[in-house]
Amino acid sequence: MAVFKGKGVYGAVAVGKALIFKRQAAQVRRVSVQDTEHELERVNSAKELAVQQLEQIHEKALKEVGETNAEIFEIHIMMLDDEDYNESIKSIIQTQKVNAEYAVAVTSDNFAEMFSSMDDAYMQARSADVKDISNRLIACLTDSGDNTSVSDDKMIVCADDLAPSETVSLDKDKVLAFVTAFGSSNSHTAILARNMNIPAVIGVGQEFLDALEDGCLVGVDGHTGEVFVSPDEQTVRQLEQKQAEDIRKKQLLQELKGKENVTLDGTKINIFANIGGVGGIGAVLANDAGGIGLFRSEFLYLESEDYPTEEQQFQAYKKVLESMSGKKVVIRTLDIGADKQIDYFRLDKEDNPALGFRAIRICLTRPELFRTQLRALYRASAFGELGIMFPMITSVSEVQKCLDMCEQVRNELSAEGIRFNESTELGIMIETPAAAVISDKLAPMVDFFSVGTNDLTQYTLACDRQNAKLEPFVDTHHEAVLRLIEMSAKNAHANNAWIGICGELAADLSLTEEFLKMGIDELSVSPPFVLPLREKVRSISLK
Ligand code: PEP
Ligand code: MG
């Protein structure tokens, strides 16, 4: 038996035979041509075919992994149409007088290299997408068709890496698990695997592939990230026990749907969900969340090529509110900068982006941008139970400016005769130590606080949350962070404001009891954590 360790991206267990994923990678040769026009025509026909294939994959993905996750294939279709990408292929064919396959392969390498050298992890992950669309285009040029194949038995698919289209093209019913030697947890493949509910471990290293033979027994533990090649009987038994336990837990959790989030001694708490876009609503409802505690509105901006208009934003916010049928929806105003960069904002490069020009600082410096978003939010407020929340607050004057801007927007809408909910709640994120320390002054100004523990931890412990090297120095249960949360809770309640937690710590079940004792009113977590958290709350006695 050989054991390999990677990163579990979906926590479930599988034991089965290995299928080494073979890509019929077309061998691309450089061939000199005279008739460059003919090569350009071949590229166009191949593109049409590739788009047809991607449309079919998109359809399949819509059914299997939902709208948001299927979007990547729409993006692939758009990437195939990208002006720079096509211009590069055309110019290589024309200037070097070479075959289309070669021009696509060189373009693919150049673009993939460009993406992977970018600082931003999201952009780096796009390198795999360029390779994916280019391989498809080459396959269409060489007529080798679609390049995914899985045997008839249920297998554990083992690959160097999987492109998003390969992941979705696999027949879900025949895949027991995915294991890849490489790949990042930020990649769409990892996200898709998570949403397909298939055990998946990535980044186990080349040695894993070297140790494999087609059909050999493999055990995958998506909880620990361990992968066992030719596991011994005892390991198989342990994995099977874990698997049975997972199934039992999942069934039990389903029974919690519709039940209250109440401790054994009667303390109630709201359990809400965090989402990044309209596409997340399905998961919120499927997991029976009581509301949305954090809608990260910046994803609307990140997904656009240009500033989303008031109307576009209004439609998105309205849709979320209507879908939640009167349940509370807290929408956070734009939080970009730091790790979330958007080209069209043309923000300067900074030495310390986390301590830089981000979130509310951008909105207060560019009032038109802020005003547009607030108008869209207030207009949407007529369609449900909205809360508006401001990120990265550090001072009383910032909150005052936000409130003034809200008042101005309300006055404008009233003058225009546009309907909105006058009692829309206004709140702030507590994600800087400054905000927590002056929470006694901030609480009387707002209806609620929501603690962003991801940033609060980063700023309190002076550890950049993007820097993997600092992981040993980040104590997520650090007393300083917990004291700041407790202080904020006391000050919120002393001023009739409610307080929630929407950072990752909200899902940490080892802290649930402590949060309840602090009097936290709401915990907002990723949708799959709603039911486990409900189970935890129902098992606690505070007496
Ligand atoms: C946080 O900082 O905890 C938070 C919820 O915001 P984000 O992770 O989007 O910065
Ligand atoms: Mg934050």
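## Magnesium site

Glu-431 and Asp-455 are both buried. In this predicted model, these two residues are the protein donors of the magnesium ion (ligand 2), Glu-431 through OE and Asp-455 through OD, at 2.0 to 2.2 Å from the ion. Glu-431 belongs to the loop between strand 13 (425-430) and helix 15 (433-437), while Asp-455 belongs to helix 17 (residues 453-461), so the pair ties together parts that are 24 residues apart in sequence.

## Packing of helix 3 against helix 4

The axes of helix 3 (residues 100-116) and helix 4 come within 7 Å and cross at roughly 175°. Angles over 145 degrees count as roughly antiparallel, and the two helices therefore stand in that relation to each other. On the side of helix 3, the contact is made by Ala-100, Glu-101, Val-104, Ala-105, Ser-108, Phe-111, Ala-112, Phe-115 and Ser-116. Helix 4 contributes Met-123, Gln-124, Arg-126, Ser-127, Val-130, Lys-131, Ser-134, Leu-137, Ile-138 and Leu-141.

Asp-129 also lies in helix 4, which spans residues 121-141. With a relative accessible area of 1%, Asp-129 is buried. Its side chain makes a polar contact of 2.5 Å with the side chain of Arg-126, and Arg-126 is itself among the helix 4 residues that meet helix 3.

## Buried face of helix 20

In helix 20 (residues 530-539), the buried residues are Val-530, Leu-531, Leu-533, Arg-534 and Val-537. Viewed down the helix axis, these residues fall within an arc of 155°, so they line one face of helix 20. An α-helix has 3.6 residues a turn, so residues three or four places apart point the same way. The elements that cover the buried residues of helix 20 include helix 8 (233-254), strand 9 (270-275), helix 19 (512-518) and strand 16 (522-525).

## Surroundings of Phe-390

Phe-390 is located in strand 12 (residues 385-390). Phe-390 is buried, its relative accessible area being 1%. Leaving aside neighbours within four places in sequence, Phe-390 is in contact with Thr-333, Ile-360, Phe-370, Leu-374, Cys-402, Cys-406, Leu-426, Gly-427, Ile-428 and Met-429. The C-alpha atom of Phe-390 is separated by 20 Å from that of Leu-347, a residue 43 places away along the chain.

## Polar contacts of Glu-310

Glu-310 is part of helix 11 (residues 310-323). The side chain of Glu-310 makes polar contacts with two arginine side chains: that of Arg-375 at 2.8 Å and that of Arg-379 at 2.7 Å. Not counting residues up to four places away in sequence, Glu-310 touches Thr-372, Arg-375, Ala-376 and Arg-379; the list thus includes both arginine partners.

## Positive phi values in two loops

Lys-97 is a residue other than glycine with a positive phi, near 50°. Lys-97 sits in the loop between helix 2 (83-96) and helix 3. Its relative accessibility of 40% makes Lys-97 partly exposed.

Asn-496, likewise not a glycine, has a positive phi near 60°. The residue is placed in the loop between helix 18 (479-494) and strand 15 (498-501). Asn-496 is exposed, with a relative accessible area of 74%.

Definitions and conventions. Residues numbered from 1 in each chain as written. Chains lettered and ligands numbered in written order. Predicted model: local features only at pLDDT ≥ 70, side-chain atom pairs only at ≥ 80, totals over all residues. Heavy atoms only, no water. Buried < 20%, exposed > 50% of the residue type's maximum accessible area, 1.4 Å probe, protein only. Polar contact = N/O pair within 3.5 Å; in protein donor to acceptor, adjacent residues only side chain to side chain. Arc of directions from axis to C-beta. Contact = heavy atoms within 4.5 Å. Donors = N, O, S within 2.8 Å, 3.2 Å for Na, K, Ca; no water. Axes fitted to C-alpha atoms, helices over the stretch in contact; angles between N-to-C directions. Parallel < 35°, antiparallel > 145°, perpendicular 65-115°, else oblique.
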